[in-house]
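Here's a quick tour of the fold, the packing and the empty spaces. Have the viewer open while you read.

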Amino acid sequence: MAYINEKEAVEPEKPKPKRLRPTRWSEYNLAQTREKSHFLALLYELCQTIEEPEQTMGRPRIPLKDIIFSSTLKTYTGFSTRRLTCDLKEVQRNGYIEKAPHFNSIYGYMEMQSLTQPLMQLINISSLPLASVETTFAVDSSGLSTSQYDQWVKHRYGRPKPVEKQKWLKVHIICGTRTHIITGVRVTNGNAGDSPEFISLVEETARNFLIDEVSADKAYSAEKNMEAVLQKGGVPYIAFRSNATSTNRRSGEIWKRLYHFYAYNHQHFMEHYHKRSNVESTFSTIKAKFGGSLRSKTERAQINEALFKVLAHNICVVIHSIYELGIEPTFWEEPTFCENSASSQKVV
C-alpha cells in the first residue's frame, strides 16, 4: 500500500454546489400569518412553569411570570417599554397576565440577577417539543453590540491618542441543525474564549436530546471537547487547525484516531461538518428578527436581554414546527428516548 502524507490527505476538494432545502410555502405562509397568536399562547404556557419566589417582606411584587411575559413580548415586537403599554393592556384583557406592569418596572427587573436563571430554564423547556426531531447539533458563538464604549490606546497602529471602542457581549449556543432550535446558551463578555463553553453546552443538550452528531469549527478542536461528545454517544465533526498532526506527543488516543478519520475520510467528514452552517443561519435569524444590538445599559440587563432574544427565537421555531413538522408542543413532559440508541456511524 502506498504511503499517504497526512498533509496531502487533508487537502480540500473543490466545493460542491449546495442543495437548498425546498421551502414548503403553504406551511410557511400559515406559520408566518398566525405566528403572533401562537406566540402569545405558547409564551403563556411557558410562563406557567415558572416558580414564583417567596416574598417575606416589602411591597407586593409583580409576578415573575408577568415580567418575563412582558419582556419577551417586548423583544418579539421590537417596541420600547413605553410603546408596549397598549399591547400589555391588551394581553391583560385576554388573561395572559394578571396586571400590565409599568414600563419602569420592566426596566427595573431587567437589572436583576435573579431573572437570569429562570430565563435559562425557560430556554431549555422551550426546546423540549423538538426532542424527538433533533439529533444533530452545531456549536458556535456570535457577538451582540451594546451602546457602551470604552477608551483604549491603539499602540499597534501607532495612534497613541485614546480611541473609543464599542463594548459587546458574546452569545454561545448549541442548536439543532434541522429546525435551528437552541438547546443550550451561555452569555459572556466579548473577549471570552469559545472552547471553554463547549462541554457545558453539550452536557446541557444531552439531558433532553439524543446526540448523534455535533459539528463545530476549529476553535473548538480541543481533545476534551471531542471526548465530551463521544461520552454522550455522538460523533464530533470538529475541524482541525492547519498545523494539527497526529504525531504530537501530547496528543491523546482520541485526538489521533479522530484526526486520522478527518485526514483520510475528508469528503465524508466535510459532508457532516458543513451542517455547522446552520448555527450561523440561527444567529442570522435572531439578529434579523430581534436586532443585532442590545439596548440595555448595564451588563446584567444586557445578559438578560440577550437571553430574551434566544427565548423569543425558540418560541418562533416551535410555531413553525407546528405547521412544517406537525408537532404538538408541550412544555411540561420529559422527552423519552433510548439512551443506548446512537448513530450507527461511529468512528471511535
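Let's start with a cysteine: Cys316 has 5% relative accessibility, so it counts as buried, the cut-off being under 20%. Cys86 goes the other way, since its 61% relative accessibility puts it among the exposed residues, above the 50% limit. The disulfide count comes to zero. Keep in mind that this is a predicted model.

**Overall build**

The protein chain runs to 348 residues, and 47% of them are buried. It has 13 helices and five strands. Take the contacts between residues at least 6 apart in sequence: 69% of them join residues at least 24 apart.

**Packing**

Which residues touch the most other members of the largest nonpolar core? In that set of 56 residues, they are Ile68 and Val185. Helix 13 supplies the largest share of this core, with 13 residues. Apart from it there is another core, with 29 residues, including Met226, Ala244, Leu258 and Ala263.

Zooming in on Val185, and skipping anything up to four places away in sequence, you'll find it touching Met120, Ile123, Val171, His172, Ile173, Leu201, Glu204, Leu307 and Val310.

**Empty space**

How many cavities of 30 Å³ or more are there? The count comes to one. Its lining is made of Leu144, Val171, Ile173, Phe283, Ile286, Lys287, Ala306, Lys309 and Val310. Strand 2 (159–176), helix 12 (277–290) and helix 13 (299–324) are the elements that each give two or more residues to that lining. Val171, Ile173 and Val310 turn up here and also among the contacts of Val185.

Then there's the second largest pocket, which is open. Among its 23 lining residues, Thr49, Ile50, Glu51, Pro118 and Gln121 are the closest to its centre. Helix 7 (residues 116–127) gives the most to this lining, namely five residues.

Here are the two spaces side by side:

| Space | Volume | Lining by class |
|---|---|---|
| Largest cavity | about 60 Å³ | seven nonpolar, no polar, two charged residues |
| Second largest pocket | about 530 Å³ | 13 nonpolar, six polar, four charged residues |

For the largest cavity, the two charged residues in the lining are Lys287 and Lys309.

Definitions and conventions: Residues are numbered from 1 along each chain as its sequence is written. This is a predicted model: local features need pLDDT of at least 70, side-chain atom pairs count only at pLDDT 80 or more; totals for chains, interfaces and linings use all residues. Side-chain values use heavy atoms; hydrogens and water are left out. A disulfide is a pair of cysteine sulfur atoms within 2.5 Å. Buried means under 20% relative accessible area, exposed over 50%, partly exposed in between (1.4 Å probe, protein chains only). On a 1 Å grid over the protein atoms alone, a cavity is a set of points where a 1.4 Å probe fits but cannot get out, and a pocket is an open set with protein on both sides within 12 Å along at least five of seven lines; lining residues have an atom within 4 Å of a point. Grid points are joined across faces, edges and corners, and a volume is the space filled by probe spheres set on the points. Helices (H or I, at least four residues) and strands (E, at least two) are DSSP runs, numbered from the N terminus. A nonpolar core is a set of buried Ala, Val, Leu, Ile, Met, Phe, Trp, Tyr and Cys residues joined through side-chain atoms within 4.5 Å. Contact means heavy atoms within 4.5 Å.
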